[in-house]
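This report describes how two protein chains meet in one model. The sequence and structure are shown first, and the account of the interface follows.

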There are 2 protein chains.
Amino acid sequence: MNTLIWNELDAAGQAAALTRPVQAVAAQTRDAVAGLIAQVRSEGDAGLRAITQRFDGVAPDSFEVSESEFVAAEAAVSAELRQAMVDAIARIRLYHEAGMAQPYSLQTAPGVTCGKIIRPIGRVGLYVPAGSAPLPSTAMMLGVPAQLAGCPQVILCTPPRKDGTADPAVLVAARLTGVQRVFKLGGAQAIAAMAYGTEQVPACDKLFGPGNSFVTEAKQQVAQDGAAAIDMPAGPSEVLVIADAGANPAFVAADLLSQAEHGPDSQVLLLSDSEQMIAAVAIEVEKQVAQLGREGIARQALDASRLIRVESIAQAFAISNRYAPEHLILALRQPDTWLDQVQAAGSVFLGDYTPEALGDYCSGTNHVLPTAGAARAYSGVSVASFQNLISVQSASAEGMAAIGPCALTLARAEGLGAHANAVALRLGVQP
Amino acid sequence: MNTLIWNELDAAGQAAALTRPVQAVAAQTRDAVAGLIAQVRSEGDAGLRAITQRFDGVAPDSFEVSESEFVAAEAAVSAELRQAMVDAIARIRLYHEAGMAQPYSLQTAPGVTCGKIIRPIGRVGLYVPAGSAPLPSTAMMLGVPAQLAGCPQVILCTPPRKDGTADPAVLVAARLTGVQRVFKLGGAQAIAAMAYGTEQVPACDKLFGPGNSFVTEAKQQVAQDGAAAIDMPAGPSEVLVIADAGANPAFVAADLLSQAEHGPDSQVLLLSDSEQMIAAVAIEVEKQVAQLGREGIARQALDASRLIRVESIAQAFAISNRYAPEHLILALRQPDTWLDQVQAAGSVFLGDYTPEALGDYCSGTNHVLPTAGAARAYSGVSVASFQNLISVQSASAEGMAAIGPCALTLARAEGLGAHANAVALRLGVQP
């Protein structure tokens with residue numbers, strides 16, 4: 001890991017210290033994804049089958065998970081894992097439900113009522129990765145808000161395993177959150193199928209979920225084409241930890257590593273005003289990483305990671321807001337007193353006993369979060385991500401009399417005669 | 001206008017009847033916009049100056065509106081227009097403020113608190129068109145929610161007029177909503193400047209506002225590049241009116257025309273179960289369009305527009321939901337009893353005395369709305385569009401004891417050893 005002292009860096013060095021390892025999609029990836037999407041659009045299921053054979057080594061007749069596969073999945077999942085999913089889902093539901101937007105309505109003038117009604121998005125598609133690790137937790141994080149929103153049509157795609165089946169834990173998580181239809185499709189081809197529809201896969205209005213570079217590039221391309229909306233742009237996962245001298249170096253090291261193990265392009269940053277803490281964390285990281293099953297991946301991620309000494313915790317927040325991390329861990333004494341310093345982040349973890357892993361799985365918050373600095377202008381997935389908020393207004397003749405003249409003046413000023421006319425006709429005046 | 005009978009159309013005919021006039025961006029526009037963006041990125045203000053000279057016929061040294069220009073604008077706007085803007089802004093503020101999300105927090109388990117904090121997006125850029133008509137109303141619609149969100153840095157771009165000044169009403173509207181910095185820049189070059197920054201124009205995190213095909217394509221490209229988020233994809237404006245036999249044909253015709261006058265590619269649709277109503281509206285449209293200053297534009301839009309006879313009002317809602325109009329006018333008796341049929345639309349107008357023009361200007365709702373069917377998965381601009389919602393969680397040692405085992409089980413199931421370790425260390429157990 002690279003140790004840096006912030007105030008000894010010039011502006012270029014500071015910018016470099018906050019540069020994400022992967023910032024641009026290779027032209028090669030873009031073209032490959034465009035090719036896959038085109039194939040799915042032109043060939044439908046036959047194209048899906050050919051692509052799935054090529055990437056996953058299986059070519060099922062039916063992509064959709066059958067009822068007997070769901071039954072088999074239930075049998076394959078241990079009682080302990082099933083219960084953990086049930087418990088996690090309950091907390092995720094509790095948290096997400098409490099944050100749901102409510103319809104509202106008010107009088108803005110005598111006889112003029114304006115409000116907002118809330119409708120679920122009609123057809124949504126969830127993507128659950130299963131590359132180096134299948135992620136039933138992602139099925140929970142997407143399935144719960146879709147269910148709370150009341151989306152009438154929810155489908156889920158997850159890559160098939162070598163034997164042609166889907167990961168049983170993902171299937172159980174899907175069903176526990178009310179997702180009835182699951183398709184064994186992965187990568188850009190799954191995104192293309194959900195965006196444009198094929199014989200077997202219904203087209204969706206909006207697509208959700210993380211994925212590898214092919215999946216995220218495919219999401220961008222179908223959104224750009226207007227075929228489907230997407231939850232947010234996505235890049236590799238990342239964490240920024242701000243630790244003071246009182247933090248526990250073993251805990252901090254463990255948190256950095258639980259980000260690093262996600263993938264070789266994950267990024268982990270530690271900011272601390274304590275030289276001793278930084279040194280102690282570096283030692284702990286070295287000790288812990290050697291014990292990991294995914295040591296190779298974690299070591300690659302650590303190569304691009306940084307331990308940065310700052311002159312004060314306040315400076316650490318300024319740097320963090322500039323970086324806008326997906327995950328922000330505050331390993332600080334009285335961490336809640338620092339919360340008002342947070343301007344841009346996906347999800348914040350307060351204190352020594354709130355590792356990112358809690359939010360990844362079961363504190364209740366969502367783990368589908370903006371990466372790559374997108375937290376400057378995007379929020380994580382919530383129930384609102386699965387809803388349309390629709391404005392409604394209603395004016396009586398009295399209401400028209402109250403605000404019509406205002407509209408008339410503005411329409412005239414903008415030179416929009418038909419707008420003026422629509423109001424004038426109701427007011428019984430000249431436009 | 002084209003009159004169709006829905007039930008006499010086959011599936012292809014029905015699909016054609018709901019096809020928007022402009023669905024795809026010409027490759028030529030895409031390339032031209034990419035060229036303009038590249039020029040602004042490489043040449044900065046000099047590039048902006050050259051492009052502005054080319055498109056707007058002026059090349060100001062400073063793009064930013066000076067204080068003396070703001071003073072001159074105040075003098076140039078009539079007291080009546082200024083008052084109309086003040087009144088409209090008050091209602092827009094009332095409506096938007098009532099719909100603001102609130103931070104929240106709850107216990108999801110003993111010792112585990114999860115919540116959401118709300119932060120304004122740091123740097124936002126507003127675009128106000130001024131092509132065939134300058135739109136001070138758009139400055140109000142973007143300025144009010146930006147101000148309510150508390151965005152610390154708000155800039156606005158609007159094209160210069162031939163004499164090098166900005167439209168005075170736009171400037172007054174900007175200042176009335178608290179926007180301090182306005183730049184005389186239009187088109188793709190304005191979007192590029194706000195996304196990447198130049199010597200004079202600060203880079204923004206998110207860009208808002210409607211525009212012509214160059215502006216909307218530029219927004220897509222900078223969003224795709226990850227340079228800035230955007231409010232929503234955009235296309236030509238559109239209205240769908242559902243009218244029953246009791247509607248007022250003159251009112252309905254006026255509403256169709258106030259959409260048609262926006263641009264030659266605007267689309268207007270009328271759905272009615274009454275043959276007489278459709279015939280009467282057609283006559284009224286012909287009568288009214290001849291009176292319009294923007295008759296030429298309106299007539300072009302009408303060419304692509306349709307009057308569709310449906311067998312029932314219920315069928316009209318099914319068609320409307322499939323089309324997902326930006327504006328939906330319910331010229332129905334007891335229109336509120338039909339509201340639960342609305343699944344996808346940008347903004348809904350109830351009854352005979354609520355023309356779209358009220359919402360365009362001053363009912364209180366926002367007029368920056370999803371077009372081109374995007375209302376299936378996007379909502380109009382609101383205060384939330386200018387905010388980041390950030391998850392926060394905090395577990396005590398007790399909280400870790402309560403939910404840590406759940407996280408541990410899930411981490412093990414996903415094969416993520418470092419995640420398991422981060423929890424196990426705190427629990428004092430083996431990972």
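## A shared surface

Of the interface residues of chain B, 99% are also interface residues in chain A, so the copies meet through the same surface. The contact (heavy atoms within 4.5 Å) takes 108 residues from chain A and 109 residues from chain B.

This is a predicted model, in which local features need pLDDT of at least 70 and side-chain atom pairs count only at pLDDT 80 or more, while totals for chains, interfaces and linings use all residues. Residues are numbered from 1 along each chain as its sequence is written, chains are lettered from A and ligands numbered from 1 in the order in which they are written, and side-chain values use heavy atoms, with hydrogens and water left out.

## Symmetry

A turn of 180° and a shift of 0.0 Å along the axis lay chain B on chain A with an RMSD of 0.0 Å (superposed by least squares on the C-alpha atoms of residues with pLDDT of at least 70 in both). The two copies are thus related as by a two-fold rotation axis.

## Buried area and polar links

Between chain B and chain A, about 9200 Å² is buried, and carbon and sulfur atoms give 61% of this area. Buried area is the accessible area (1.4 Å probe) that two parts lose on being put together, summed over both.

Two salt bridges are counted between chain B and chain A (a side-chain nitrogen of Lys or Arg within 4 Å of a carboxyl oxygen of Asp or Glu). One of them joins the side chains of R426(A) and D255(B), at 2.8 Å from N to O.
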